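Subject: Structure for you to look at, with notes

Dear colleague,

I am handing over the structure we spoke about, and my notes on it follow below. Please read them with the model open beside you.

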Amino acid sequence: MMKKGSRLSTGWLVIGGQTMKKLLLVLVMLAIVGGTAAWYWKHNGNSQITLQTAPVKRGEVVFAIGATGTVEPEQVIDVGAQVAGKIMEFGKDSNGKSVDYGSFIQAGNVLAKIDETVYVAEVSQAQAQLAMANAGVKRAEADLLQLKAKFNQAERDWERAKKLGPSDALAQTQYDAYQAGFEQARANVTVGEAAITEAKATVDSATATLDRTNRNLSYCTIISPVNGVIIDRRVNIGQTVVASLNAPSLFLIAQDLKRMQVWVAVNEADIGNIRPGQPVTFTVDAFPDESFRGETNKIRLNAAMTQNVVTYTVEVVTDNSSGRLLPYLTANVKFEVSRREDVLTVPNAALRWTPPPELVAPDSRAELASADQRPSRAEGSGATTRPSGRATTKPSNRPAGALASKRGMVWVKEGEFVKPIRVRTGISDQLVTEISGEGLSDGLEVVIADARPMDASAAGGAGGTNPFAPQFRGRAGGGGGGGRGGGGGGR
């Protein structure tokens, strides 16, 4: 019995040893697979992320303020009618053609004629009244001569009566009659003189009436007051114009289309950077590939408010000798605030991109961690924090002197990782930003975006995009330079 038991125990030991070997073998294989996976993930996991880079370039950056305006003629004359009537005919332009849109005219050219029948009759009536007034003057002068003659006779009779006096030769009643006749004759002379003055005043009134009717008759012929181009004709032949309180507008004349203006509506937040003589560039939709140049002429102080937005009208003058700019085109204007030449620039995306933590070089992680623990300062970024904690950015268009103090960060490749380079940002346009700092050079490749294969869930959420296609993305955040790249990058 003892022998059988010993044999059985030995058999179980043999079977148990084989099982243990198998378990150990499985554990070793699992450890190898796990170690291999960990090594692969550590060494090749980052290689799944593709980095997109762009070189640092040396060039020119212009910080400009954008606005929209309208091309306007420098001087516009609105020619109206001062009398009412029907348009009978148009005049001739400098080329002998009937006045129309785009006609070139000289000062004194006839633009149109209004029916003058009524005004000719008024002139004839005024002439008749003047003739009657002149005749009245002559009659009053003749009457005065008669009155003076009677006065002389009455004066002589009175002198004789005074010598005789009341006596037997001259009765008292007769004496009194001579005295009364003398005084009445003297008064009649004064009345005659007043009648002449009244008649002459009537002549003056009739003359004024004749002048007014002649002037109204002349208004029937519309004459150009200046040299220029007809940019609008607002009447047709046969149309009746009525001049009452406001003179009806017939023609709009641009005095000189070789010099044009652009009236630009500038927001109150940007008006502080606008000054007379400032260089300006603009484009129009009619010639999208052509850029026009001008300069700021004046800032109008009568601001306008639309939906609580205050804007100022800025006049920009430009040369139009080529004649390509037409009145009332819409212009996309850029006011040049600051310009930097021969400076290092990077795309704005390089200042906005932030790497995933696993891409940061190990020796840079500690430095970044200590920097993140410092109190953050929105130095010159224009950032504010609402009570809810959500940061908002106010648009800032300050001059370049204030923009040069901002800080940012760009990232460059270092083997399988990336490392940061701290920079100071200057002015920016909508594409690139001026940068300066240690470690920068022309041609240095900086990261602007990263791409990695998307998993199935992300692909499904993206609406069926290819899960194996890389998707580039520019991460916003820790770089802190995109929104601060000169204040103009977001414009």
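To begin with a single residue, E315 is placed in strand β15, which covers residues 309–319. Please keep in mind throughout that this is a predicted model. With a relative accessibility of 6%, E315 falls under the 20% limit and therefore counts as buried. Leaving aside residues up to four places away in sequence, E315 touches Q261, V262 and W263, and also E295, T296, N297, K298 and R300. Two of these neighbours return in another setting, since the charged end of R300 sits over the ring of W263, at 4.3 Å from its centre.

The two ends of strand β15 lead to loops that each hold a residue with an unusual sign to look at. In the loop between β14 (304–306) and β15, N308 has a phi near 65 degrees, a positive value in a residue other than glycine. N308 has a relative accessible area of 69%, which is over 50%, so this residue is exposed. In the loop between β15 and β16, Y328 likewise has a positive phi, near 75 degrees, and is not a glycine either. Y328 is partly exposed, because its relative accessible area of 42% lies between the limits of 20% and 50%.

As for the chain as a whole, the 491 residues include 33% that count as buried, and the secondary structure consists of seven helices and 23 strands. Among the contacts with a separation of 6 or more, 75% are between residues 24 or more positions apart.

I then turned to the aromatic rings. A pair of aromatic rings is described by the distance of the centres and the angle of the planes. A search of the whole structure finds six aromatic pairs, and one of them is formed by W158 and Y175, a tilted pair with 5.2 Å centre to centre and 50 degrees between the planes. This pair links distant parts of the chain, with W158 in helix α2 (residues 117–164) and Y175 in helix α3 (residues 172–219), 17 residues apart. Both W158 and Y175 are buried.

F287 and F292 form another aromatic pair, which is edge-to-face, with 6.5 Å centre to centre and 65 degrees between the planes. The two members do not share a burial class: F287 counts as partly exposed because its relative accessibility is 22%, not under 20%, whereas F292, with a relative accessible area of 7%, is buried. Ring pairs join F287 and F292 with F282 into a cluster. F287 also has a charge over its ring, for the charged end of R324 sits there, 4.1 Å from the ring centre.

Helix α3 deserves a further remark, because T213, which is placed in this helix, counts as buried at 2% relative accessibility. Not counting residues up to four places away in sequence, T213 touches Y119, E122, V123 and A126.

I223 offers another case of residues meeting across the sequence. I223 is in strand β7, which covers residues 221–223, and at 44% relative accessibility this residue counts as partly exposed. The C-alpha atoms of I223 and N109 are separated by 5.6 Å, although the two residues are 114 apart along the chain. N109 is also among the residues that I223 touches, together with G108 and L111, when residues up to four places away in sequence are not counted.

Lastly, I looked at the second largest pocket, which has a volume of about 350 Å³. Which elements give two or more residues to the lining of the second largest pocket? They are β2 (57–73), β12 (279–284) and β16 (330–347), and β2 gives the most, with six residues. The lining is made up of 20 residues, of which V62, A64, T281, K334 and D429 lie nearest the centre of the pocket. By class, this lining has seven nonpolar, eight polar and five charged residues.

With best wishes

How values were computed. Residues are numbered from 1 along each chain as its sequence is written. This is a predicted model: local features need pLDDT of at least 70, side-chain atom pairs count only at pLDDT 80 or more; totals for chains, interfaces and linings use all residues. Side-chain values use heavy atoms; hydrogens and water are left out. On a 1 Å grid over the protein atoms alone, a cavity is a set of points where a 1.4 Å probe fits but cannot get out, and a pocket is an open set with protein on both sides within 12 Å along at least five of seven lines; lining residues have an atom within 4 Å of a point. Grid points are joined across faces, edges and corners, and a volume is the space filled by probe spheres set on the points. Helices (H or I, at least four residues) and strands (E, at least two) are DSSP runs, numbered from the N terminus. Ala, Val, Leu, Ile, Met, Phe, Trp, Tyr, Cys and Pro count as nonpolar, Asp, Glu, Lys and Arg as charged, and the others, Gly among them, as polar. Rings of Phe, Tyr and Trp (its six-membered ring) pair if their centres lie within 6.5 Å; planes under 30 degrees apart count as stacked, over 60 as edge-to-face and the rest as tilted. Buried means under 20% relative accessible area, exposed over 50%, partly exposed in between (1.4 Å probe, protein chains only). A charge sits over a ring if NZ of Lys or CZ of Arg is within 6 Å of the ring centre and within 35 degrees of the ring normal. Contact means heavy atoms within 4.5 Å.
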